[in-house]
Amino acid sequence: MNVKQRTIQTEISISGIGLHTGQAVNITLKPAPEFHWYKFKRVDLEGEPIVAVDADNVTDTSRGTTISQNGASVSTIEHLMAALVGLQIDNVLIEIDGPEVPILDGSSRIFVEKLKEGGFVDQEADRDYYEITDNIVYVEKDRKVEIMAMPLDGYRLTCMIDFNSPVLGSQHASISNISEFESEISSSRTFCFLHELESLLNHNLIKGGDLSNAIVIVDKEVSKEELDKLSSLFNKTVEVASEGILDNIQLRSQNEPARHKLLDMIGDLALVGRPLKGHIMAARPGHAANAAFAKKIKAQIKKDKNRKGVKVYDPNATPVYDTVQIMNILPHRQPFLMVDKILELSETHVVGLKNVTMNEDLFMGHFPGAPVFPGVLQIEAMAQTGGILVLNTVPDPENWLTLFLKIENARFKNQVTPGDTVIFSCELLEPIRRGIARMKGVGMVGDKIVSEAELMAQIVKVKGN
C-alpha cells in the first residue's frame with residue numbers, strides 16, 4: 001500500500017529566542033500543497049521572500065545550518081527540520097519574522113509537541129521517496145568524517161561521535177526506523193564544550209543561550225573565578241557535576257550528545273528536498289558534512305533522473321540472432337564484424353551486443369599499455385546494429401549492403417576497455433523511405449551511457465543479385 005504525502009491540519013504558532021542572535025522570533029507553520037516540501041517565508045522583510053530548504057541554498061554551517069535565497073536567510077533550521085522529518089510531514093510553509101529559528105530547549109521536543117497538537121492530514125499524492133539503490137559515500141579524511149547511505153526499505157540512521165575528550169569519549173546512537181524519532185531522539189539537546197562556550201561569548205554569539213537549552217561539557221580544570229563569571233553572565237549558580245558537565249541541567253540519556261548529533265543529521269538531510277529510504281551511517285558528522293552529503297544525494301537523484309527511461313539489458317538473455325546468424329545478414333567478417341548478438345528486434349528498434357576483449361587486433365596499436373576501444377569503432381558497431389534493423393525490412397538481406405550517409409551529434413561519455421560488454425540500441429527517428437533510415441543510437445556499459453549518435457544509412461542491392 002502506497003503511503004500518502006501529508007501536511008499539517010491547522011496553523012501552528014511558536015515563539016522563542018534565537019540562540020546566536022538573541023532576537024525574539026515568531027514562527028507560524030502553515031499547511032502546504034503536495035510536492036511543496038519545506039519553505040520559509042521571511043514575513044519581516046519587504047516582499048516576504050521565500051527561502052527553500054535545499055542543499056543548494058546552504059550558505060553557512062559554522063554553528064548550525066543557514067540557508068539563503070532571494071536576498072533572505074534563515075539560520076539554525078535543523079531542529080525544526082528534524083521534527084518535520086521525524087513526524088513524516090511532507091509539506092509545510094514556515095512564516096518567520098526574524099533571521100533565526102528559535103532555540104527553545106535546544107532539542108526538537110517542543111516542535112514535535114506543537115505539531116502533534118495541530119494534527120496532520122493526508123494528501124492525494126503518494127509520498128515522494130528517494131530510494132537509495134547504491135551506496136553513496138562522503139569522506140573528509142583530515143577530520144575523520146565518513147557518511148554512507150545504503151539501500152534499505154525504510155529510514156534507519158546510525159551515528160558515532162568521538163571528540164577525543166576524556167569526559168565525552170566515544171558515543172553511538174541509532175534508530176531502526178524514523179518512527180522512533182519522537183521517543184528516542186527528539187528530546188536530545190544541543191551541546192558544546194566549556195572552552196567553546198567562552199569563545200562564543202567573547203565573539204558576541206549565543207546571545208540567546210541561557211544554560212537551559214544546552215549541555216555544557218567541561219573537559220578541563222575550571223577555577224572558581226571562571227564559574228563565578230559564568231554564574232554572573234547567566235544569572236544563575238553554576239557548578240561542575242560529577243559527569244563532567246555544568247550542573248545547569250540533568251542529562252536526559254547517557255548518550256544524549258550522540259542522539260543530538262543524530263537529530264542534527266536528520267534535520268540537515270531534509271536539505272535533499274524529499275523523504276529518503278535507506279540506511280545512513282555516520283562517523284563524526286557535523287553540519288558542514290551533513291550539508292555536503294545532502295548535496296551528494298541530490299546529485300545522485302539528478303543522475304538517476306537522467307537515466308530514467310534507459311533500459312538495462314541482460315547480456316546473457318537468449319539472443320534473437322547469434323554471431324553465425326548475424327553473418328548471414330551482414331557482409332562484415334572478422335576483424336571488422338563488431339556485433340556478437342542481437343538481443344531485441346522490432347520494426348522500429350534493435351538492440352545488439354559487443355563483447356570487448358583484449359585479444360582483438362586493434363589493441364596491438366591502440367594504446368596497448370592502456371587499451372581503449374576507439375570511439376569511431378563504437379559508432380561502427382552502432383551502425384552495424386542499426387544495419388540489422390534496416391536489412392530486416394527486405395526479404396533477402398544477404399543481397400543488400402548498408403552504407404553510411406551521415407553521422408550527427410556523436411558524443412563519447414565514458415571509456416570502453418577490454419572486459420566491457422557494450423549494449424547498442426538503435427531506434428528509428430522516422431519511417432524508412434526509399435531504403436533510407438534515420439536512427440538514434442546509444443551505446444551502454446551496464447547503466448552508463450558510453451556513446452550516442454544520430455545515424456543516416458541507406459541499403460543498396462549488391463551488384464549481380
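The following dialogue introduces a predicted model through questions and answers.

Student: Which residues does UniProt list for "binding site"?

Tutor: The listing comes from an unreviewed UniProt entry. It gives three positions under "binding site": His 79, His 260 and Asp 264.

Student: Why can these residues be said to gather at one spot?

Tutor: In sequence, His 79, His 260 and Asp 264 span 186 residues. Even so, they gather at one spot, because no two of their C-alpha atoms are more than 9.4 Å apart.

Student: Is His 79 buried or exposed?

Tutor: His 79 lies in helix α1, which covers residues 78-86. A residue counts as buried when its relative accessible area is under 20%. The value for His 79 is 5%, so this residue is buried.

Student: Which residues from the UniProt listing is His 79 in contact with, leaving aside its neighbours within four places in sequence?

Tutor: With those neighbours left aside, the contacts of His 79 include Ile 103, Gly 106, Phe 111 and Thr 190. Also among them are two residues that UniProt lists for "binding site". These are His 260 and Asp 264.

Student: Where is Asp 264 found, and is it buried or exposed?

Tutor: Asp 264 is found in helix α6, residues 256-268. Leaving aside its neighbours within four places in sequence, Asp 264 is in contact with Glu 78, His 79, His 287 and Asn 290. Its relative accessible area is 6%, so Asp 264 is buried.

Student: Which helix gives the largest share of the lining of the second largest pocket?

Tutor: The second largest pocket holds about 330 Å³ of space. Ten residues line this pocket, and the closest to its centre are Tyr 130, Arg 274, Ile 301, Lys 302 and Lys 305. Five residues of the lining, the largest share, come from helix α7.

Student: How many residues in the lining of the second largest pocket are charged?

Tutor: The lining holds three nonpolar residues and one polar residue. The charged residues number six.

Student: What is the volume of the largest cavity, and how many charged residues are in its lining?

Tutor: The structure holds three cavities of 30 Å³ or more. About 50 Å³ of space lies in the largest cavity, and its lining includes Trp 37, Val 85, Tyr 155 and Arg 274. Eight residues of this lining are nonpolar and none is polar, while the charged residues number one.

Student: Which elements give two or more residues to the lining of the second largest cavity?

Tutor: The second largest cavity has a volume of about 40 Å³. Lys 406, Ile 407, Glu 408, Leu 429, Arg 438, Glu 454, Leu 455 and Met 456 line this cavity. The elements that give two or more residues are β21 and β24.

Student: In which sense do β21 and β24 pair, and which residue is the bridge partner of Leu 401?

Tutor: Strand β21 runs over residues 400-412 and strand β24 over residues 448-461. They pair over ten bridges in the antiparallel sense. In β24, the bridge partner of Leu 401 is Val 460.

Student: Which residue takes a positive phi in the hairpin of β23 and β24?

Tutor: Strand β23, residues 436-445, pairs with β24 in the antiparallel sense over ten bridges. Met 444 stands opposite Ile 449 in β24. Two residues lie between the strands of the hairpin, and the positive phi, near 65°, is taken by Gly 446.

Terms used
Residues numbered from 1 in each chain as written. Predicted model: local features only at pLDDT ≥ 70, side-chain atom pairs only at ≥ 80, totals over all residues. Heavy atoms only, no water. Pairing = 2+ DSSP bridges. Helix = DSSP H or I, 4+ residues; strand = E, 2+ residues; numbered from the N terminus. 1 Å grid on protein atoms, 1.4 Å probe; cavity = no way out; pocket = protein on both sides within 12 Å on 5 of 7 lines; lining within 4 Å. Points joined across faces, edges and corners; volume = space filled by probe spheres on them. Nonpolar A, V, L, I, M, F, W, Y, C, P; charged D, E, K, R; others polar. UniProt positions renumbered as here; feature names shortened; annotations may be inferred. Buried < 20%, exposed > 50% of the residue type's maximum accessible area, 1.4 Å probe, protein only. Contact = heavy atoms within 4.5 Å.
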